[in-house]
Amino acid sequence: MTKLTHHLVPLLFVAAGLGLSLIGLRPVVADLLILSVYYLLLAGSWNLLAGFAGQYSFAHIGLATAGAYGTAALVIGGGLSGWAALVIMPVAVALLGGGLGLVALRVRGVQLPLITFAFAGAFAVFLAAASDITNGSMGLQLPKLVPGFDRSLYLVLGGILAGLFFIVQNWMIDGKLGLLMQAIRDNEDIAHGMGVGIFRVKIAAFMITAAIAGLAGSFYANYVGVLAPSMLSMGEMGYVVAMAVIGGLGYRYGPLIGVVIIRSIEYFVRGFGAEYTLVIITGVALLVVLFFREGVIAYVSRLMPRQTARWRS
Amino acid sequence: MTRIVLETQGLRKAFGGNQVIDGIDFRLAAGELVAIVGPNGAGKTSFLNLIAGQFRPNAGTIQLAGADVTQLAPNVPARRGLFRSFQNGGAFGRLSAIQNVALAGMVRGLGRREAESEAGKALARVGLSPVADWPADHLSGGQRKLIDFARLLLAKPEVALLDEPTAGVNPAIMEVMRAIIAEMRDKGVGFAVISHDLPWVFGLCQRVVVLASGRVLAAGSPDEVSADPAVREAYLA
């Protein structure tokens with residue numbers, strides 16, 4: 001796949017969003033696609049952090065939830081529009097992520113997952129406990145972005161956000177930052193010894209991917225319209241990780257493939273109940289780990305090495 | 001007077017009760033190549049790790065081009081003109097050969113495109129152009145060592161520390177390495193080279209420092225240290 005294709009992918013998503021908004025999809029399909037954009041933003045940005053920079057953070061779903069609740073605070077508490085929140089929350093969550101990174105990224109190995117896991121856990125407890133602010137499990141209600149607008153608006157917006165994600169991803173991976181991130185992933189000590197400012201690169205990666213998680217959370221809040229603390233669960237984090245891993249961690253389009261696979265499974269087995277969906281997804285994850293070690297996309301790239309040479313970096 | 005580009009004084013490092021470096025004084029002039037030899041466990045790699053900032057010394061000082069770099073993180077001396085290669089090759093496995101080399105230019109401040117262009121020329125110089133787009137983990141051990149030399153060309157350092165560059169490589173690659181080292185040394189780069197291939201390194205160096213048990217056992221010309229009875233007993237016998 002050439003660089004030209006990488007540039008066409010964002011346009012493809014914008015065009016798909018526009019096209020799908022015009023053909024009048026069934027609500028269940030439109031819902032599936034719109035929420036898939038939320039998962040694509042999360043799994044894609046987590047892939048940038050873990051798959052390209054080698055930083056295994058479990059704060060991602062917590063950062064998305066911060067983006068969602070921040071949106072609620074701006075809209076309900078601050079009287080701003082959901083559109084303003086879509087712009088403000090990525091910046092706010094990037095700063096939050098930067099603050100978390102200042103602590104969490106000073107350590108290596110298992111400590112980073114542990115610290116970020118603790119952050120997400122503490123935030124979940126806060127959301128449940130501060131029920132006078134968050135309304136607890138009763139949830140917070142947000143108005144729609146444009147009153148009276150149906151799902152077609154969100155299909156267009158989702159296409160634009162997915163396209164935007166791929167533009168940011170291309171900018172990162174094809175630029176200086178992306179190469180420095182990958183060097184750190186492959187061997188932090190050698191990168192450091194070559195003159196790479198490890199901490200600065202990690203913080204930059206953490207803040208950019210946190211911004212994308214914040215955007216995802218704000219999009220979720222604006223679309224779903226009801227926020228409950230259950231949004232932030234380690235099950236959801238596992239879901240995001242599974243999408244990246246099943247698709248192909250460290251590959252540009254791995255999370256996209258993972259989102260398509262998992263969301264398709266969800267769609268086709270939805271009549272059996274949530275427990276069965278989880279069992280089937282776990283089974284698929286096991287099969288992928290056993291037979292496609294680096295994810296489905298890695299298998300495809302081995303079949304077509306020339307065409308897919310730039311998928312990894 | 002010859003400019004000193006690297007100097008250590010009273011350098012010491014212990015891990016628990018194990019004194020791996022025990023008071024090393026070392027000087028390297030611009031355009032000089034010093035061979036660092038000694039038996040396994042003598043502290044050669046640890047000495048390079050201390051200079052490069054990978055280990056923090058317990059005592060002593062390190063001056064790089066006149067500036068104190070003791071206790072600094074490894075990226076600082078690297079940005080001030082120190083290059084370091086690793087015993088097992090320093091390639092990043094999933095990055096292509098050209099990306100691996102371009103990084104050396106990027107930390108010098110080049111943009112990615114310019115660095116990749118320079119890296120292409122450096123890879124051509126070491127004979128790796130045909131594999132420039134291959135991931136480093138698909139390359140042989142010798143080819144990965146050549147990536148270090150292509151990086152060395154791009155890094156344009158004042159001081160280069162090379163850790164067993166010739167271990168496990170064939171004579172043709174050794175000749176490429178020798179030519180690059182000789183060229184850069186003649187341009188004023190100071191080299192400290194660890195090697196067990198004594199004929200190869202003695203053919204390049206002006207001075208030899210023999211380490212044993214974390215101390216300087218002997219220092220001098222290749223002929224002088226080769227004739228030293230203590231060196232013969234500890235290392236050459």
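**Figure 1. The β9–β10 hairpin of chain B, seen up close in a predicted model.** Here strand β9 (residues 207–212) of chain B pairs with β10(B) in the antiparallel sense, over five bridges. Follow the pairing along and you'll find B:V209 bridged to B:A219 in β10(B). Another pair to look for is B:L211, which stands opposite B:V216 in β10(B). The two strands form a hairpin with two residues between them. In that turn, B:S213 has a positive phi of about 50°.

**Figure 2. The six-stranded sheet of chain B that takes in the hairpin strands.** This is an open sheet with mixed pairing, and its strands run in the order β6-β7-β8-β3-β9-β10 (chain B). At the edges stand β6 (82–84) and β10 (215–220) of chain B; each has a single partner strand, so one side of each is left without a neighbour in the sheet. From one strand to the next, the twist averages 15°.

**Figure 3. Helix α9 of chain B, lying across three strands.** Now add helix α9 (residues 229–236) of chain B to the picture: this helix lies across β3 (33–37), β9 and β10 of chain B. Its angle to β10(B) is about 125°. If you've come from the hairpin view, β9(B) and β10(B) are the strands that pair there over five bridges.

**Figure 4. The four-stranded sheet of chain B.** Chain B also has an open sheet of four strands, in the order β2-β1-β4-β5 (chain B). The pairing in this sheet is antiparallel. Its edge strands, β2 (18–29) and β5 (67–68) of chain B, each pair on one side only. Zoom in on strand β4 (residues 59–64) of chain B and you'll see two bridges to β5(B), again in the antiparallel sense. To find your place there, look for B:L64, whose bridge partner in β5(B) is B:A67.

**Figure 5. Where domain 1 of chain B touches domain 2 of chain B.** The domain assignment splits chain B into domain 1 (4–81 + 158–236) and domain 2 (91–156). Taken over C-alpha atoms, the centres of domain 1 of chain B and domain 2 of chain B are 24 Å apart. Eleven residues from domain 1 of chain B and eleven residues from domain 2 of chain B make up the contact. On the domain 1 side, the elements giving two or more residues are α2 (75–79) and α6 (171–186) of chain B. Of these, α6(B) gives the most, with four residues. By class, the domain 1 side has eight nonpolar, two polar and one charged residues.

**Figure 6. Helices α7 and α10 of chain A, packed side by side.** The axes of helix α7 (residues 151–174) of chain A and α10(A) come within 12 Å and cross at roughly 175°. An angle over 145 degrees counts as roughly antiparallel, and α7(A) and α10(A) are therefore roughly antiparallel to each other. From α7(A), the residues to pick out are A:Y154, A:L161, A:F165, A:V168 and A:M172. They meet A:I208, A:I212, A:L215, A:F219 and A:Y223 in α10(A). By class, this contact has ten nonpolar, no polar and no charged residues. Helix α10 (residues 198–224) of chain A also has the highest mean pLDDT among the elements of chain A, at 96.

**Figure 7. Where chain A meets chain B.** In this view, 19 residues of chain A are in contact with 23 residues of chain B. On the chain A side, α8 (176–186) and α9 (188–194) of chain A are the elements that give two or more residues. That side has seven nonpolar, eight polar and four charged residues. For the model, the scores are ipTM 0.91 and pTM 0.91.

**Figure 8. Confidence along the two predicted chains.** Chain A averages a pLDDT of 89, with 96% of its residues scoring at least 70. Among the elements of chain A, helix α14 (residues 296–303) has the lowest mean pLDDT, at 82. In chain B the mean pLDDT is 93, and 99% of the residues reach 70 or more. Where pLDDT is low, don't read the predicted coordinates in detail.

Technical notes: Residues numbered from 1 in each chain as written. Chains lettered and ligands numbered in written order. Predicted model: local features only at pLDDT ≥ 70, side-chain atom pairs only at ≥ 80, totals over all residues. pLDDT = per-residue confidence, 0-100. Axes fitted to C-alpha atoms, helices over the stretch in contact; angles between N-to-C directions. Parallel < 35°, antiparallel > 145°, perpendicular 65-115°, else oblique. Contact = placed C-beta atoms within 7 Å. Nonpolar A, V, L, I, M, F, W, Y, C, P; charged D, E, K, R; others polar. Pairing = 2+ DSSP bridges. Domains from an automatic or database assignment.
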